[in-house]
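Notebook open, model loaded. I want to look up a few helix pairs, the cores and a couple of single residues.

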Amino acid sequence: MCGIFGYIGDKNAPSLLLNGLRKLEYRGYDSAGIAVLNSEISISKCTGRVSDLEKVVPSEMVGKCGIAHTRWATHGAVTDENAHPHLSEDGSVAIIHNGIIENHRALRNWLVAEGVILRSETDSEVLAHLIHRAREDGLSPLNSVKRALKQVRGTWGLCVLFANEDVIVCARNGSPLWVGLGDGEAFVASDSHVLTTHTRDAVHLEDGDLAVLTAGEVKTSRIGSGLSDPTIITIDESWGEAELGDFPHFMLKEIHEQPESLRQCISGRTLLKNGNGKLGGIELSPKQLLNIPHIRLIGCGTALHACQVGRLAIEEFARVPTQSHVASEFKYNNPVISPNALYFAVSQSGETADTLAAVKEIQLKGGQVMGIVNVVGSSIARQCGRGIYIHSGPEQAVASTKAFSNMVASLAIFSIQLGRARNLSIDAGKSAVRALNKIPKQVENYLANQGSISEAVEAVKNANHVLFLGRGPSAPVAREGALKLMEVAYIPCLAYPAGEMKHGPIALLEKDSPVVVICPNDKFREKTLSNVQECKARGAKIILIHEEGDEEAAGEADIAIAVPKTHNMLSPLLTVIPLQLLAYHTAVDLGCDVDKPRNLAKSVTVE
């Protein structure tokens with residue numbers, strides 16, 4: 001989940017490297033560093049943000065080839081020594097690495113026994129020394145990297161510089177790398193959209209690939225093969241650089257982008273005349289949809305919560321048994337895979353390592369898996385080959401907002417399409433389609449009149465903990481609201497199905513304990529309001545998300561926030577918005593770094 005950027009060409013590298021790191025900082029911001037080649041290798045690195053690195057890069061650092069890294073710490077504390085790049089002992093090899101070297105302890109012990117002095121606690125540093133030893137044995141830069149990789153186990157997105165060699169050698173195994181080709185120059189990055197400022201001609205490295213970059217040229221290779229010309233693809237230009245515009249933070253900007261991103265997601269994918277959904281990317285006929293025995297949805301974090309909403313929508317509209325799974329647990333629980341079932345891997349970045357591992361496990365056991373992702377050409381999209389793009393556009397804030405909404409909307413469309421192939425009536429389908437098509441405007445209307453968010457912020461910002469409650473499709477919304485507040489404001493939160501509150505969490509309640517309740521006017525409403533009464537009897541302060549016009553529900557709250565009325569199964573698309581705003585404004589009031597919360601990164605590309 002670290003950020004990698006590299007350049008070779010005729011321009012001065014340091015400024016390009018720093019600019020690339022700024023665009024990648026959401027992938028990790030514990031430390032940052034650059035290495036620049038000018039016959040010899042010069043490095044500059046420090047803990048902190050890219051802005052801190054800019055202050056320590058000497059003005060005399062020049063060169064036309066270099067690599068850069070922004071770190072999310074895995075092995076080793078957040079220190080200058082553990083920051084990348086890492087050098088070989090004689091300074092002739094520099095590496096940056098994203099991933100985990102699983103056998104690093106044995107390799108470190110062996111290197112120390114051989115007299116090598118290790119300067120960091122990281123697993124990554126062993127790569128620099130292994131590559132250097134291969135170079136000392138007379139191997140070429142490419143073959144030196146190949147020999148080193150034969151000695152390690154794990155995952156890597158790796159870039160290597162060699163003194164006196166105008167070349168960057170890259171390798172990928174389980175951690176994304178893209179190469180961009182310009183006029184007399186070449187780039188490498190861990191995210192494709194960072195390349196679009198410079199070029200749209202790119203090479204996507206697959207697991208097991210190596211690449212040799214020279215100015216304006218790239219050759220690829222595998223461990224047991226020679227060099228070859230790669231396939232050049234065109235990067236989607238919609239993934240250009242995101243700008244803040246008039247917003248103080250990307251998170252707030254992305255919350256306000258949800259009406260338009262939902263329109264992009266829904267547009268052309270519903271058929272009102274037939275009350276149906278139309279997702280061509282799944283490539284399944286009505287007959288094939290009819291024969292699906294069950295469905296599994298797999299994701300992490302926010303994507304998992306979208307899966308939990310989607311599970312309920314599929315069972316409601318299509319009456320197909322569906323389960324949601326935590327991706328990080330899925331592979332290791334030796335799952336029973338049915339070749340007739342349908343699996344969906346859900347991920348904003350399309351690079352989530354645990355979800356990608358689940359995809360490969362399903363495919364290994366003969367299952368049919370599709371992706372629900374945001375980033376075109378991402379690893380999960382390519383591995384699956386089929387699926388649904390959610391069309392959120394760039395999401396820069398670490399805390400996901402518009403991607404959650406578009407994941408839920410995509411799953412709702414699929415639920416309608418699946419239902420119409422089975423037992424969902426045309427009238428019920430039309431009702432759902434009409435409601436879904438109204439959602440973008442309803443979100444827009446709510447954002448124009450947000451209600452008592454500031455009062456809710458005052459109620460939670462100094463709390464020791466916050467309890468979130470909901471039933472049915474509102475239960476995963478409660479989980480998502482709790483996650484958002486924890487992510488950006490660092491307030492301990494607990495989310496429970498409201499009926500389970502009295503089986504433990506009620507013990508936490510005392511006078512003025514904030515309880516956030518999601519209570520749309522659905523079949524769960526009366527039960528949810530009963531749970532509200534149980535909380536009030538213990539002195540809790542109730543923040544209630546309810547439908548416009550439901551004055552009875554509003555009367556039960558200390559702080560009531562109304563959202564527009566919609567179809568019961570689509571209510572998460574509206575009730576989640578005030579929870580996102582609550583998290584954002586609480587974090588701002590507490591002085592937190594909203595877009596880059598501590599210890600978090602946008603794309604989790606290591607297991």
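How are H7 and H13 oriented to each other, roughly parallel or roughly perpendicular? Before answering, I note that this is a predicted model.

**Entry 1: H7 and H13.** I pulled up helix H7 (residues 258–266) and helix H13 (residues 402–420), and their axes are 9 Å apart at an angle of about 30°. Angles under 35 degrees count as roughly parallel, so I log H7 and H13 as roughly parallel to each other. The crossing of H7 past H13 is right-handed. On the H7 side I listed Gln258, Ser261, Leu262, Cys265 and Ile266, and they meet Lys402, Ser405, Asn406, Ala409, Ser410 and Ile413 of H13. Sorted by class, this contact of H7 with H13 comes to 5 nonpolar, 5 polar and 1 charged residues.

**Entry 2: H15 and H19.** Next I took helix H15 (residues 453–460) with helix H19 (residues 572–589): the angle is about 60° and the axes are 9 Å apart. H15 is therefore oblique to H19. Their crossing is right-handed. H15 brings Ile453, Ala456, Val457, Glu458 and Val460 to the contact, and H19 brings Pro578, Leu581, Leu582, His585, Thr586 and Asp589. I get 7 nonpolar, 2 polar and 2 charged residues for the contact of H15 with H19.

**Entry 3: H3 and H4.** Which way does H3 pass H4, left-handed or right-handed? I first checked the geometry: helix H3 (residues 104–113) and helix H4 (residues 125–136) have axes that come within 10 Å and cross at roughly 50°. That angle makes H3 oblique to H4. The crossing turns out left-handed. From H3, the residues I found are His104, Leu107, Arg108, Trp110 and Leu111, which meet Glu125, Val126, His129, Leu130 and Arg133 in H4. The class split for H3 with H4 is 5 nonpolar, 2 polar and 3 charged.

**Entry 4: the cores.** Which residues have the most contacts inside the largest nonpolar core? I found Ile295, Phe344 and Phe414, in a core of 83 residues. I then followed Ile295 outwards, skipping residues up to four places away in sequence: it touches Ile314, Val320, Pro321, Thr322, Gln323, Leu342, Phe344, Phe414 and Leu418. Another core lies apart from this one, with 26 residues, including Leu118, Leu149, Trp156 and Val160.

**Entry 5: Leu161.** I looked up Leu161 and found it in strand S7 (residues 156–162). Its relative accessible area is 0%, so I mark Leu161 as buried. Ignoring neighbours within four places in sequence, I see Leu161 in contact with Ala35, Val36, Leu37, Ile41, Cys65, Gly66, Ile67, Ser92, Val93, Ala94, Val167 and Ile168. I also checked Pro85: it is 76 residues from Leu161 in sequence, and 9.8 Å away in space, C-alpha to C-alpha.

**Entry 6: Arg49.** Where does Arg49 lie? I traced Arg49 to the loop between strand S3 (40–47) and helix H2 (50–56). Its relative accessibility is 24%, so Arg49 goes down as partly exposed. Beyond its neighbours within four places in sequence, the contacts of Arg49 are Glu25, Tyr29, Asp593 and Lys596. Arg22 sits 27 residues from Arg49 in sequence, with 8.8 Å between their C-alpha atoms.

Definitions and conventions. Residues numbered from 1 in each chain as written. Predicted model: local features only at pLDDT ≥ 70, side-chain atom pairs only at ≥ 80, totals over all residues. Heavy atoms only, no water. Core = buried A, V, L, I, M, F, W, Y, C linked by side-chain atoms within 4.5 Å. Buried < 20%, exposed > 50% of the residue type's maximum accessible area, 1.4 Å probe, protein only. Contact = heavy atoms within 4.5 Å. Axes fitted to C-alpha atoms, helices over the stretch in contact; angles between N-to-C directions. Helix = DSSP H or I, 4+ residues; strand = E, 2+ residues; numbered from the N terminus. Parallel < 35°, antiparallel > 145°, perpendicular 65-115°, else oblique. Left-handed = near helix turned anticlockwise from the far one by under 90°. Nonpolar A, V, L, I, M, F, W, Y, C, P; charged D, E, K, R; others polar.
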